[in-house]
Amino acid sequence: MDAIPLALDGYLAAEAEPGDRDGAVSWRLTCSSGTDHLAEEAVIRCTTTEPDIAHALLTERQPGDLLRVIGHLTLPDTADGVIRLQAEGLEVLWEAPLLDADRDGDDADTATDTDTDRNSAIAALAEALTSFGPTTPGPGQSIRIHISPTGTLGSGLEHCHSFDIAPALAHRLAGYVDAMNAYLGSEHPKDVVLDQETLADLTELFEDIDLIDLTNTVLNTTRPEHRSAVIEAMDDMFGDVPAPEDIDP
């Protein structure tokens with residue numbers, strides 16, 4: 001059967017191994033259709049005899065790296081055969097950071113709890129992005145978002161997600177993030193304790209404010225047609241405000 005030209009994006013599932021022939025290297029690539037359903041993920045067997053690719057896979061790449069493998073896909077002749085991608089080109093889209101292997105038992109327990117929280121957060125974010133819009137952006141330019149835990153992934157590839165979105169959807173996401181940042185920035189800081197001297201200064205400052213004088217000043221500088229709206233706003237802030245006819249000219 002003729003080989004099919006193909007480029008696949010996927011995570012390196014495990015360390016590459018020398019192939020059956022001299023100079024050959026084989027590895028497994030975990031690929032996703034981009035819809036975030038594990039049932040639609042596939043592990044593709046890849047091989048190469050290109051020296052540069054073989055050297056990179058054996059000495060530089062590690063499990064969890066996001067790779068783009070370019071080559072020819074060979075379909076099996078029988079139903080129980082193996083699909084194989086003969087690689088002729090390799091691009092590194094994202095490198096998985098290295099983990100510190102020197103950890104004692106307590107550190108490992110803490111890391112396990114942290115990993116659980118992190119993985120649940122990744123799952124929640126992936127679910128939100130999946131339900132936010134169509135997973136297939138349609139024709140034209142698209143933007144790819146990768147979500148994965150840091151560190152060497154190994155068998156934790158189920159926590160890796162990939163989404164293709166249209167630029168219009170990316171602009172909407174950016175707008176929502178900006179709005180969220182503005183909201184968070186407007187919240188009062190928590191667990192902030194003021195010293196007694198500062199509290200005394202603030203109390204004295206507010207006690208010195210004469211609301212009647214403040215009301216007079218504001219309303220005397222307000223155009224007559226706007227006074228009703230200003231009075232209503234000040235009522236919301238300070239309580240009952242004297243009516244315009246009670247204000248000194």
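**Entry 1: the chain as a whole**

I started with contacts along the chain. Among contacts with a separation of 6 or more, 58% join residues 24 or more positions apart. I note that this is a predicted model.

Next I looked up the secondary structure. The chain has six helices and eight strands. I read their order along the sequence as β-β-β-β-α-β-β-α-β-β-α-α-α-α.

Then I turned to the surface. The chain has 249 residues, and 27% of them count as buried. About 16700 Å² is exposed, with 54% of that supplied by carbon and sulfur atoms.

**Entry 2: the largest nonpolar core**

Which residues touch the most other members of the largest nonpolar core? I found Trp-27, Leu-29, Ile-44, Leu-57, Val-69 and Leu-85 in a core of 17 residues. I then asked which elements supply at least two residues each. They are β1 (4-12), β3 (25-31), β4 (42-48), α1 (51-59), β5 (66-74) and β6 (84-94). Strand β3 gives the largest share, four residues.

I kept a general point beside this entry. In soluble globular proteins, nonpolar side chains tend to be buried together.

I picked Leu-85 for a closer look. I left aside its neighbours within four places in sequence. Leu-85 is then in contact with Leu-8, Ile-44, Arg-45, Cys-46, Thr-47, Val-69, Gly-71, His-72 and Leu-73.

I also found a second, separate core. It has eight residues, among them Ala-126, Ile-165, Leu-169 and Leu-173.

**Entry 3: strand β8**

Ile-165 led me to strand β8, residues 161-165. Five of its five residues are buried, so the rest of the structure largely encloses this strand.

I checked the two faces separately. On one side I found His-161, Phe-163 and Ile-165, and on the other Ser-162 and Asp-164. Both sides are covered, and these residues are all buried. The general rule fits beside this: in a regular strand the side chains alternate between the two faces of the sheet.

What does β8 pair with? Strand β7, residues 143-147, is joined to β8 by five bridges. The two run antiparallel. I located Ile-147 opposite His-161 of β8.

**Entry 4: Ser-26**

I went back to strand β3, where Ser-26 is found. Is Ser-26 buried or exposed? Its relative accessibility is 8%, so Ser-26 counts as buried; the cut-off for buried is under 20%.

I looked up what Ser-26 touches, not counting residues up to four places away in sequence. The list is Ala-16, Glu-17, Pro-18, Gly-19, Arg-45, Cys-46 and Thr-47.

**Entry 5: helix α1**

In α1 I marked Ile-53, Ala-54, Ala-56 and Leu-57 as buried. I viewed the helix down its axis. The buried residues fall within an arc of 165 degrees, so they line one face of α1.

What covers these buried residues? The cover includes β1, β3, β4 and β6. The face turned away from the buried side carries the exposed residues Pro-51, Asp-52 and Thr-59.

**Entry 6: salt bridges**

I counted eight salt bridges in the structure. I began with Arg-61 and its partner Asp-65, whose closest N and O atoms are 2.8 Å apart. Both Arg-61 and Asp-65 are buried.

Arg-61 also forms a salt bridge with Glu-95, with the closest N and O atoms 3.3 Å apart. This pair links distant parts of the chain, 34 residues apart. Glu-95 sits in the loop between β6 and α2 (105-132), and Arg-61 in the loop between α1 and β5. Glu-95 counts as exposed at 52% relative accessibility, whereas Arg-61 counts as buried at 14%.

I then looked at Glu-91 and Arg-68. Their closest N and O atoms are 3.9 Å apart. Glu-91 lies in β6 and Arg-68 in β5, so this salt bridge ties together parts 23 residues apart in sequence. Glu-91 counts as partly exposed at 35% relative accessibility. Arg-68 counts as partly exposed too, at 28%.

Last, I followed this pair outward. Glu-91 and Arg-68 belong to a network of salt bridges that also links Asp-9, Arg-144 and Asp-164. Asp-164 took me back to β8, where this residue is buried.

Note on methods. Residues numbered from 1 in each chain as written. Predicted model: local features only at pLDDT ≥ 70, side-chain atom pairs only at ≥ 80, totals over all residues. Heavy atoms only, no water. Core = buried A, V, L, I, M, F, W, Y, C linked by side-chain atoms within 4.5 Å. Buried < 20%, exposed > 50% of the residue type's maximum accessible area, 1.4 Å probe, protein only. Contact = heavy atoms within 4.5 Å. Pairing = 2+ DSSP bridges. Arc of directions from axis to C-beta. Salt bridge = Lys/Arg side-chain N within 4 Å of Asp/Glu carboxyl O. Areas by Shrake-Rupley, 256 points an atom, 1.4 Å probe, with all protein chains shown as cover.
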